[in-house]
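Colleague: Before I plan anything around this protein, could you take me closely through one part of it, the enclosed space inside, and then move on to the neighbouring topics of strand pairing and aromatic rings?

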Amino acid sequence: MKSKNMMNKPSFFLLFALVAFAPFFAQAQEYAISFEVVAKESGLPLDDAQISITPCNCGGVTNSAGRFSIELPSDTYNITVSFIGFKDETRTLELTKNTILKINLTEEQEQLSEVVVRAKRRLDNVETPQMGALQISARTLKKLPAAVGEFDVLRGMTLVAGVNNSGEVSNGLSVRGGSLDQNLLLYDYAPVFNPTHLFGLFSVFTPDMISTVDLYRANIPSRYGGRITSVLDVKVKNPYVEKTKFSGGIGLVSSRLNLETPLIKDKLMLNIGGRAGLTGFLIPFFSERLKNTKANFYDGTFKLLYLPTENDQVSLTGFYSKDFYQLDLISQVGNINAENNQYDLQTLNGTLNWTHTFGDESNWRNIFVYSNYTPKTIFPEQANDNEIEYNAAINYLSFISEYSKIISDKFDYYGGVQANQYKISPGALDPGSGNSIVPVTLETETSYEIGTYANLNWKPTENISVSGGLRFNHFVFVGPYTEAVFDDVSGTILSSTEFEKGDAVKTYNSLEPRLGANLKLGENTSLKASYARTNQYLQNIYNTTTPLPTSRWKTSDPNIKPQSSNTYGFGVYQNLNNDEIEIGLEGYYRESENNLTYKPGADFFLEEFLERDVVQAKGQAYGVELSFKKPRGKLNGWFNYTYSRSLLQSQNQRLADRVNNNKQYPSDFDRPHVFNGTINFEGDKWNTWSFNFTAQSGRPYTVANSVFAIEDINVPIFIERNNARLRPYHRLDFSWKVKYGRNPNRKWKGDWTFTIYNVYSRRNPFNLYYSQRQGAVDSEVFLGSPLGTYELSILNSPLFAVTYNFVFD
């Protein structure tokens, strides 16, 4: 009996415990809290954001997608989310079900040197396998002294190692010796074919709308295709706002206005900004040679953000840019004689982006892109009121569908498909009411490109990480098209083949592997290596130092093959003094095929068969880049030095088609030595002083090999291309930003920005030109030479600018 009673006691106590503590067990049921932490201004996820939860005294950090999950018993919790450079966000949560918290962190306005707009790990430059990549925020760009008082994307990029332009007046960037059209410039996924205002002094991107800028120079991620040297990806800010906010600026050169406002609370938000520059009255102060020059421009960007559900995000971005300027430095194009040249350039872009987030750390996004670029050149005829117009256009459509997934902190991947349509109107000449010019309309070129791609990031060990990608492109050039066969001697057409609209004329297929690897040699040191193969089917052809609106855009066809390149890279990176100083040494080598350049004596203005005027050359570029960066502290900035070469070589059998007799020669963007330095001194909360200095080898140019006389006119003879160099280029810029209104609670905040571009009045040469000498003029310089060589400088004095910036919140 005793044994039986003892056996019953455990059962009794177990039953009693289940009944007595049932309410407690019910209360202790656990629910999941999922955090999504992003920067409010840019909408980008924040990696390593700190999450603290009380009273459990628990929490954690977000991953690279800005996410963190934890399961806790049902209770009331106080949650604090923090990230360096951002204001802390505190929430109180009564946890009674599985909950998703979206946290938008606001940037600390007074901690400029500490702000991190894009998610960036503490040792990002050491740990990631990505080589040749630079991520820079709009706030960092604002510190750089600009030419005319505004911060600027392209001007900021020219201070980065391996990035240059072709002079004071340059329509784009040259990256690691590549030509201007070999860079893919994206503005919220839409390509921009004319990226500059005011002859290249600053870019078309609406300043207050910019969130971040990513520059890829080495192993370009596989989601990008279509260019062989680099990608500059400019993102527009997402309007994560709860109340209306005005900001803008008033300056001598341009003025701008920006509005961020919620349209439907927590559902529909708008960010819109515009800028206008009426600068014609200022240009004569820059240079006497520009006294008859006019220049006006406008640009505007808007972004609508719609959040229909917790897992869906739809955005619509629109962009418009217009330039009008007049030059009297060039009065003849083709056979047209005019008093001056007037250029009217317009860009209209649109991007529709739908992103769906799944619950398993994965995303699916679908993007529709429209881009239309329409350059027009106007030639006012001499001695009458008639105007001759030259019109061209690029119409671009694209669809992108991409799926991405984060498996763990050590492995993630994405894959997708992209379909592009290119329609190019090469040129149409309208003589107006005149009868001395014959109207011409070149045939429209149409082509399609379909690309599939995949990319993965893998970290097999703590010291090794790998980034690998693969892209496959299928390109088709379709009719209508006339394919001609020419006589090698006379150049006359021997026969031709007509292709109807939609007929496949020529097809190109290409496979593009991308690879990056990183080996850590300790906590603060790493070695990186990279390889990328890329192809380019769209190019710009010009025979000046920088593209003019009359330059020709051309897709690949049976005669003009796609450009292709293989790029190799190796680098060593070191962080010092608790990551206060970042040092990098990076080398690269790029071999390329089918680089497009012009034949000797080419004139392809309104040329129907462009292949008769161009050459496809072999290219070689290599260099070493040393960079030193101090990103934080009152005194911050960077220095870099680059040694590099960029060379071209034609391989034509026909003597008339050879460039430099098929010998290797420097490209227009060959700069052996380049030094850039930027220093920001943040003395206090109210004053910031910035300096930047740049110096580089002079641009190559072609000097005449000899001179011969025709009817008492001395004509220079050019045999070798780019056989001399202009004087070295160097310049110092200064900026001073002054805040006022020391009450942090006031709604209206303003500051003044004073800039001086070209502080010590350096007369940097833009080009050289020849002129027939009259008698003994300048004989002490040119001696017995029948021609005089004169240097053209665009800016001969400092440019002073002042801008008032304001925010009403």
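**The largest cavity and its lining**

Modeller: Four strands, namely strand 35 (538-541), strand 38 (581-598), strand 39 (614-630) and strand 40 (635-649), each contribute at least two residues to the lining of the largest cavity; strands here are DSSP runs of E with at least two residues, numbered from the N terminus. Please bear in mind that this is a predicted model, in which local features need pLDDT of at least 70 and side-chain atom pairs pLDDT 80 or more, while totals for chains, interfaces and linings use all residues. Residues are numbered from 1 along each chain as its sequence is written, and side-chain values use heavy atoms, with hydrogens and water left out.

Of the four strands just named, strand 38 is the one that gives the most to this lining, with six residues. The lining as a whole comprises 28 residues (each with an atom within 4 Å of a cavity point), and those nearest the centre of the cavity are Ser179, Leu596, Leu648, Ser667 and Phe669. By character, the lining residues divide into 14 polar, ten nonpolar and four charged, where Asp, Glu, Lys and Arg count as charged, Ala, Val, Leu, Ile, Met, Phe, Trp, Tyr, Cys and Pro as nonpolar, and the others as polar. The volume of this largest cavity is about 360 Å³, and the structure holds eight cavities of 30 Å³ or more (sets of points on a 1 Å grid where a 1.4 Å probe fits but cannot get out).

Turning to strand pairing (at least two DSSP bridges between two strands), strand 49 (residues 748-757) is joined by seven bridges to strand 48 (residues 729-740), and the two run antiparallel; Phe734 has Ile756 of strand 49 as its bridge partner. Strand 49 also pairs with strand 52 (residues 799-808), again in the antiparallel sense, over ten bridges, and there Lys749 has Val807 of strand 52 as its bridge partner.

As for the aromatic rings, Trp748, Trp752, Tyr804, Phe806 and Phe808 are linked into a cluster by ring pairs (centres within 6.5 Å), and the structure has 30 aromatic pairs in total. Charged side chains also meet rings: Arg721 lies over the face of Tyr598, at 4.0 Å from the ring centre, and Lys528 lies over the face of Tyr573, at 4.7 Å from the ring centre (NZ of Lys or CZ of Arg within 6 Å of the centre and within 35 degrees of the ring normal).

Definitions and conventions: 1 Å grid on protein atoms, 1.4 Å probe; cavity = no way out; pocket = protein on both sides within 12 Å on 5 of 7 lines; lining within 4 Å. Points joined across faces, edges and corners; volume = space filled by probe spheres on them. Phe/Tyr/Trp six-rings, centres within 6.5 Å; stacked < 30°, edge-to-face > 60°.
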